[in-house]
Amino acid sequence: MIQLNEVHKSFTVKDRKTRVTKRIDAVRGISLEVKPGEIYGLLGPNGAGKSTTLRMIAGLMDPDGGAISVCGHNTCQEPEAVRGCLGYLSTDMGVYVRFTPRELLRIFGEFQDVDPMVAERRGMHLLEKLQLADFADVKMEGFSSGQKQKVSIARALLHDPKVVIFDEPTTGLDVLTAKTVLDLLRIMREEGRTVIVSTHVMPMVEDICDRVGIIFDGKLHGDAPPREILQSRHAKSLDEVFFQLAAESEGGH
Amino acid sequence: MRGALLIAKKEFLELSKDRKTLFFAFVLPFLLYPAIFGMMAKMAKRDEDQNRNKASRIYVADPSGAITDLMRADPKHFELLPKPEGDLRQAIRDQKLDLALDVAPGATEALQKHATFLIGATVDESEHTSELALKRVRETLTGQEKVWIQARLQTLGASPQLAEPLKLEVKNAADPALEMGKVMGRLLPYLLMIMMYTGSMQHGIYATAGEKERHTLLSLMATRLPRNQIILGKLLYIFSMGVIAALLNLLSMGLSIPFMGSGSSNSMQAMAAVANPATLGLTFMIMVPLGLFFSNFILLMGIQARNTIEAGSAITPGIFLVVFLGIFTMAPGVDKMAFLSYVPVVNVCLALRKLFSQQFNQLEYLVAFAMTVGLAAVMTWLSTRILNREKALFKA
């Protein structure tokens with residue numbers, strides 16, 4: 001359902017002090033495949049290239065090299081078709097606080113070409129699942145970050161996407177809200193959706209992910225079930241694997 | 001185009017949720033202009049009444065008494081005061097006096113000898129009351145001068161017409177509608193430009209850099225809507241807000257004319273004669289591409305900015321350019337410079353000026369229209385192209 005083949009992405013940044021323009025290779029030849037009914041965990045430190053990879057999968061950015069296919073559509077050639085079958089959520093995303101959740105979902109239903117009646121029914125169902133139905137008609141101006149995150153999740157899933165990309169979905173959430181999100185991810189797996197989750201929370205990865213890929217310096221390491229990674233690295237936890245990779249990365253430099 | 005309309009609809013829905021902005025954008029103009037116009041008319045009337053009813057305070061140094069009685073005979077207009085202490089000029093500057101007259105010592109004798117005598121007047125030209133006093137003195141002395149000339153001519157046995165070889169009779173060729181048209185032709189393009197630009201500016205910043213700042217732009221981009229449709233939708237919203245702001249403000253100004261008091265009914269009639277459907281239609285037609293040009297500029301600056309402050313800093317200087325162009329095209333004689341018909345934006349102002357002045361030039365209008373449409377089209381193409389770039393959209 002999601003296929004990445006030798007994907008590259010680089011950015012140019014300008015050093016304000018030296019005025020020198022540098023090229024940064026954010027993603028260096030990543031290849032991976034995620035199947036329906038699978039939750040794939042993408043791990044890595046800040047700036048490793050996780051969000052860039054996810055944005056490329058979501059058709060928000062074009063890769064410089066390689067190819068990405070989602071639901072059989074090439075992200076460069078058919079970005080709209082890709083985004084139509086994909087639900088994307090990022091911690092960077094805000095919500096339109098002047099609207100109520102119901103209004104927001106109605107509007108995004110129109111954007112995603114969902115029938116208004118279906119959007120209303122599905123939106124309310126999602127809000128109920130996320131324990132936010134009582135706030136469906138309350139302006140989001142006074143919402144907590146957790147409540148806003150729940151609305152964002154509902155927005156991302158409103159058009160019933162086959163592929164779901166959650167970029168750090170539990171960041172800033174309390175334990176109860178985080179559990180609700182994790183439960184939702186499990187349901188999505190049971191429904192046969194393809195899910196990619198990026199996170200820093202290792203126990204969460206060990207708990208729900210079927211396979212894990214660790215990104216360091218734009219390169220993918222691992223790409224196996226969590227248990228296999230632990231065995232191959234002779235580690236007790238993914239945190240330990242993480243530290244090992246960080247040390248290797250520093251040694252490589 | 002469906003995606004663009006959906007985005008514009010989202011923007012308007014969002015705006016409709018902000019009661020304060022709605023009030024300031026749509027209701028305030030209808031309260032503000034009547035209040036301003038009414039207050040201005042009231043102040044002008046009060047000033048006029050005060051000047052009409054209040055006598056000018058003057059000091060007359062007239063040792064021979066040639067004109068003192070003349071002034072004293074008109075207490076409605078003159079109040080003769082004794083010489084103030086200290087410097088006379090300072091007393092006028094301090095507004096203890098409006099004017100001082102210094103009549104030559106031998107004035108009466110000069111009158112009898114049919115000679116000329118000098119009257120010196122000291123005024124403060126920066127003060128309206130002082131200028132009014134001088135005007136009154138001039139009127140009184142001119143009237144008296146005629147009496148003295150006629151008396152002199154009579155003494156010489158000459159005809160009273162000797163000193164008046166001609167009389168000039170002035171007839172106004174312009175009707176009130178033409179006069180009003182010329183005033184509107186100068187003011188209207190300037191007002192329309194300012195209102196369209198400022199009216200769309202804040203909404204443009206909110207819908208572009210504001211979306212980045214609030215981290216909502218990414219959620220729009222993650223939908224199946226094509227990116228250029230999102231950009232066009234934003235453009236449509238910014239443009240609509242500019243046009244709505246300009247129309248509402250002008251409508252409110254027009255409706256506020258009755259609040260100006262005397263003479264307003266004539267102004268309304270003249271305005272009604274000028275603002276016929278054809279003129280208004282042609283005005284609106286040419287303002288559409290100009291509005292699109294402004295909106296594109298705001299969109300370009302807004303989306304490329306990292307935040308609302310940066311966008312505001314980039315867009316605000318545009319106001320000065322618009323003001324400068326507006327004032328420039330109001331200047332007398334500008335409409336005679338043929339090459340200006342080929343200068344973008346300026347040619348729109350000039351075409352409108354001629355349209356309202358009953359000097360409509362079809363070719364100049366078409367040139368201005370075609371150039372502005374072309375400019376707006378190029379800007380729209382450029383906006384969608386530049387803003388499609390990841391660099392512009394993910395700059396934060």
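**Close-up views of a predicted model**

**View 1. Six strands of chain A form an open sheet.** In this predicted model, the strand order is S6-S7-S8-S3-S9-S10 (chain A). The pairing is mixed. Strand S6 (86–90) and strand S10 (219–224) of chain A stand at the edges. Each has a single partner strand, so one side of each is left without a neighbour in the sheet. From one strand to the next, the twist averages 15 degrees.

**View 2. Strands S9 and S10 of chain A pair at one end of the strand order.** Strand S9 covers residues 211–216 of chain A. S9 and S10(A) are antiparallel and share 5 bridges. Which residue stands opposite Gly213(A) in S10(A)? The residue is Gly222(A). Helix H8 (residues 226–233) of chain A lies across both strands, S9 and S10 of chain A. This helix runs at about 110 degrees to S10(A).

**View 3. A second view of chain A shows an open sheet of 4 strands.** The order is S2-S1-S4-S5 (chain A). Here the pairing is antiparallel. Strand S2 (21–34) and strand S5 (73–74) of chain A are the edge strands. Each of these two pairs on one side only.

**View 4. Strands S1 and S2 of chain A are joined by 11 bridges.** Strand S1 spans residues 2–14 of chain A and runs antiparallel to S2(A). One bridge can be picked out by its residues: Val13(A) has Lys22(A) in S2(A) as its partner. Helix H1 (residues 50–57) of chain A packs on this sheet. H1 touches S1, S2 and strand S4 (65–70) of chain A. The direction of H1 makes about 120 degrees with that of S1(A).

**View 5. The largest cavity has a volume of about 50 Å³.** The model holds 3 cavities of 30 Å³ or more. Which residues line the largest cavity? They are Arg102(A), Leu105(A), Arg106(A), Ala119(A), Glu120(A), Gly123(A) and Met124(A). Helix H3 (101–111) and helix H4 (116–129) of chain A are the elements that give two or more residues to this lining. H4(A) supplies the largest share, 4 residues. By class, the lining holds 3 nonpolar, 1 polar and 3 charged residues.

**View 6. The second largest cavity is lined by residues of chain A and by Ala222(B).** The space in this cavity is about 40 Å³. From chain A, the lining takes in Leu86(A), Gly87(A), Tyr88(A), Phe108(A), Gln112(A), Arg155(A), Ala156(A) and His159(A). Which element gives the most to this lining? S6(A) does, with 3 residues. The strand S6 also appears in View 1, at an edge of the sheet. Helix H5 (145–157) of chain A, like S6, supplies at least two residues. The lining divides into 5 nonpolar, 3 polar and 1 charged residues.

**View 7. Chain B is divided into domain 1 and domain 2.** Domain 1 takes in residues 2–30 and 177–393 of chain B. Domain 2 covers residues 53–163 of chain B. How many Å apart are the C-alpha centres of the two domains of chain B? The centres lie 56 Å apart.

Notes
Residues numbered from 1 in each chain as written. Chains lettered and ligands numbered in written order. Predicted model: local features only at pLDDT ≥ 70, side-chain atom pairs only at ≥ 80, totals over all residues. Heavy atoms only, no water. Pairing = 2+ DSSP bridges. Axes fitted to C-alpha atoms, helices over the stretch in contact; angles between N-to-C directions. Contact = heavy atoms within 4.5 Å. 1 Å grid on protein atoms, 1.4 Å probe; cavity = no way out; pocket = protein on both sides within 12 Å on 5 of 7 lines; lining within 4 Å. Points joined across faces, edges and corners; volume = space filled by probe spheres on them. Nonpolar A, V, L, I, M, F, W, Y, C, P; charged D, E, K, R; others polar. Domains from an automatic or database assignment.
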